[in-house]
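Open the model in your viewer and switch to a cartoon representation. The stops below are meant to be selected one after another.

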Amino acid sequence: MLFPPSLPPTPSGRSLGRVETPPELVRFMVGLAEAPKGGRVLEPACADGPFLRAFREAHGTGYRFVGVEIDPNALDLPPWAEGVVADFLLWEPGEAFDLILGNPPYGIVGEASKYPIHVLKEAKGLYKKALSTWKGKYNLYGAFIEKSVRLLRAGGTLVFVVPATWLVLDDFSLLRAFLAREGRTEVYYLGEVFPGRKVSAVVLRFRKGGRGLALWDTRKEGEGFIPFLWSEDPEWNGEIIRFETGWTREMEASGTPLGSLFHIRFAARSPEFKKHPAVRREPGAGLVPVLTGRNLKPGWIDYESNYSGLWMPKERAKELRDFYATPHLVVAHTKGTKVVGAWDEKAYPWREEFHLLPKEGVKLDLLFLVEWLNSEKMQVYVRTLYRDFVPHLTLRMLERLPVRRENGFRTNPSSS
Ligand SMILES: C[S@@+](CC[C@H](N)C(=O)[O-])C[C@H]1O[C@@H](n2cnc3c(N)ncnc32)[C@H](O)[C@@H]1O
C-alpha cells in the first residue's frame with residue numbers, strides 16, 4: 001500500500017470522487033481504445049473495473065489486465081485482472097502500459113470546508129513533487145492524466161472521461177502544453193453525461209508520440225454517441241481549446257480584442273472587505289451596499305439591493321482597490337458563459353466581477369460598447385466557442401471578446 005503515513009487507510013465514497021460511469025459511455029470509450037494483442041491494459045481508480053470488463057468483452061481475453069484503486073473496500077475485480085491497492089498518483093509499477101483507460105476522480109484537493117477531496121490533502125505535497133503539470137488549485141483528474149501519460153509506452157493510448165474545464169482554464173495550461181509535447185491529443189465533447197451531475201465532460205484520447213490536436217463533437221443517438229470531427233490543428237502547442245467556426249474567426253479577425261483596449265482587474269475579495277475598518281454589517285447614514293454579481297444586470301446596475309450583507313462609505317472603497325474611485329465598466333464573471341456588462345457611473349465598491357479600465361489613448365462610446373457586450377450576437381459568440389466547459393466567463397474569454405470600432409471605441413489619432 002502506498003498511503004502517505006497520515007492518510008486514513010480506508011477513505012471512501014464521495015470523499016474520493018466516486019461516480020458511476022454510464023454504460024453507454026464506457027462502450028463509447030472502449031470503442032476508441034486499442035492495444036496490441038498480449039498488451040498491458042490498465043484502469044486507474046478502477047473500483048470494480050467497469051472499463052477492464054467492457055474492454056475484455058469487446059476485444060477478447062489476450063491481454064494483461066491491471067486495476068489500481070486506493071480504496072480497498074471499493075476494489076472488486078474479476079480473477080482475470082490484477083488488482084493493486086495504491087494511490088495511483090504515487091504508484092511506481094516499474095513497467096509501461098499499452099492502454100490506460102477509465103474515469104479518474106474529479107475534484108480539487110483541499111480543505112474539507114470547501115472541497116470534497118480533502119482526505120488526499122496530506123498527499124498533495126507529494127503529488128506536486130511527482131508531477132510537473134500541477135498549477136494553481138489544479139484538480140485530481142489533471143494529475144491522473146499526467147501520471148497516465150508517464151506510464152504509457154511510446155505509441156500507447158490513453159482514453160479518459162474528464163470534465164471539460166481543462167480545455168480553457170489557466171490551471172491546466174501546463175497540462176495542455178505537456179500533452180502537446182508528449183503526443184497527439186483528441187478531444188470528444190460530450191456535455192452533461194453523468195446523470196444528476198452538473199459536469200460537462202469530454203473524452204480525452206491521447207496517443208504517446210505524434211503531434212497535434214483533433215476536436216470532435218458528438219451526437220447522442222439511441223444508446224450511443226456518434227462522433228464527428230470539428231477541427232484539427234497539427235501545430236497545437238497547448239493553447240486553449242475552443243469550438244471555432246468560420247463565423248467566430250471572422251468576428252475575431254474583424255474586431256479588436258477587449259483585452260487590448262482595457263486593463264482587466266478583479267474585485268477585492270470578501271475577506272478583504274470583512275477586514276476593512278470602515279465596512280459594516282448593517283446599513284447606516286453615509287454607507288452604500290457593497291455590490292455583488294447579483295447587482296449587475298445587462299446594461300444597468302441595481303445600486304439599492306444588498307446581497308453581500310456589507311456596507312461601507314463609498315469614498316473609502318478606493319482603499320481596497322483604487323479603481324473603485326472612478327466610474328468604469330463592469331463585466332460579469334459569475335453569470336455562466338454569458339457576457340453581462342454595465343457602466344458603474346456611481347463608482348461603488350464591488351466584491352465580485354471584472355472591472356475594466358480603458359488603456360491609454362482609448363476613447364469609449366459607452367452606450368454602444370455596453371449594448372454590444374450585452375448583445376445577442378455576443379452571447380452566441382461565447383456560447384459557440386466555449387459551450388458549457390466552465391460555469392462562468394473567464395478572464396481569457398473576456399480578453400478575447402472582439403470589439404469593432406462601430407461597437408464603441410476610438411483610439412487617439414496618435415495611438416491608432
Ligand atoms: C470517479 S470514480 C471512478 C470509478 C470507476 N472507474 C467508474 O467509472 O465507476 C473514482 C474512484 O477512484 C478512486 N480513487 C480516488 N483517488 C484515487 C487515487 N489517488 N488512486 C487510486 N484510486 C483513487 C476512488 O476510490 C473511486 O473508486
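## Stop 1: a helix pair

Start with two helices: H4 passes H5 in a left-handed crossing. The coordinates come from a predicted model. To find the pair, select residues 140–151 for H4 and residues 173–182 for H5. Their axes are 11 Å apart and pack at an angle of about 20°. Angles under 35 degrees count as roughly parallel, and H4 and H5 are therefore roughly parallel to each other.

Now show side chains at the contact. On the H4 side, select Gly-142, Ile-145, Glu-146, Val-149 and Arg-150. Facing them from H5 are Leu-175, Phe-178, Leu-179 and Glu-182. By class, the residues of this contact between H4 and H5 comprise 5 nonpolar, 1 polar and 3 charged. As background, an α-helix has 3.6 residues a turn, so residues three or four places apart point the same way.

## Stop 2: the buried residues of H5

Keep H5 selected. Which of its residues are buried? They are Leu-175, Arg-176, Phe-178, Leu-179 and Ala-180. To see what covers these buried residues, add H4, strand E6 (183–192) and strand E7 (200–221), which are included in the cover.

## Stop 3: a four-stranded sheet

Move on to an open sheet of 4 strands, paired antiparallel in the order E10-E17-E15-E16. Strand E10 (262–266) and strand E16 (341–344) are the edge strands, each pairing on one side only. From one strand to the next, the twist averages 30°.

Within the sheet, select strand E15 at residues 328–331 and strand E17 at residues 354–358. E15 and E17 pair in the antiparallel sense over 3 bridges. For one bridge, pick Val-331 and look for its partner in E17, Phe-354.

Then add helix H9, residues 366–374. H9 lies across E10, E15 and E16, and runs at about 150° to E16.

## Stop 4: a loop residue

Finish at Glu-239, in the loop between strand E8 (224–233) and helix H6 (246–254). Is Glu-239 buried, partly exposed or exposed? Its relative accessible area is 41%. Buried means under 20% and exposed over 50%, so Glu-239 is partly exposed.

For a last distance, select the C-alpha atoms of Glu-239 and Tyr-307: they are separated by 37 Å. Along the chain, Glu-239 and Tyr-307 are 68 residues apart.

Note on methods. Residues are numbered from 1 along each chain as its sequence is written. This is a predicted model: local features need pLDDT of at least 70, side-chain atom pairs count only at pLDDT 80 or more; totals for chains, interfaces and linings use all residues. Side-chain values use heavy atoms; hydrogens and water are left out. Buried means under 20% relative accessible area, exposed over 50%, partly exposed in between (1.4 Å probe, protein chains only). Contact means heavy atoms within 4.5 Å. Two strands pair if DSSP finds at least two bridges between them. Axes are lines fitted to C-alpha atoms, for helices over the stretch in contact, and angles run from 0 to 180 degrees between N-to-C directions. Angles under 35 degrees count as roughly parallel, over 145 as roughly antiparallel, 65 to 115 as roughly perpendicular and the rest as oblique. A crossing is left-handed if the near helix is turned anticlockwise from the far one by less than a right angle, and right-handed if clockwise. Ala, Val, Leu, Ile, Met, Phe, Trp, Tyr, Cys and Pro count as nonpolar, Asp, Glu, Lys and Arg as charged, and the others, Gly among them, as polar.
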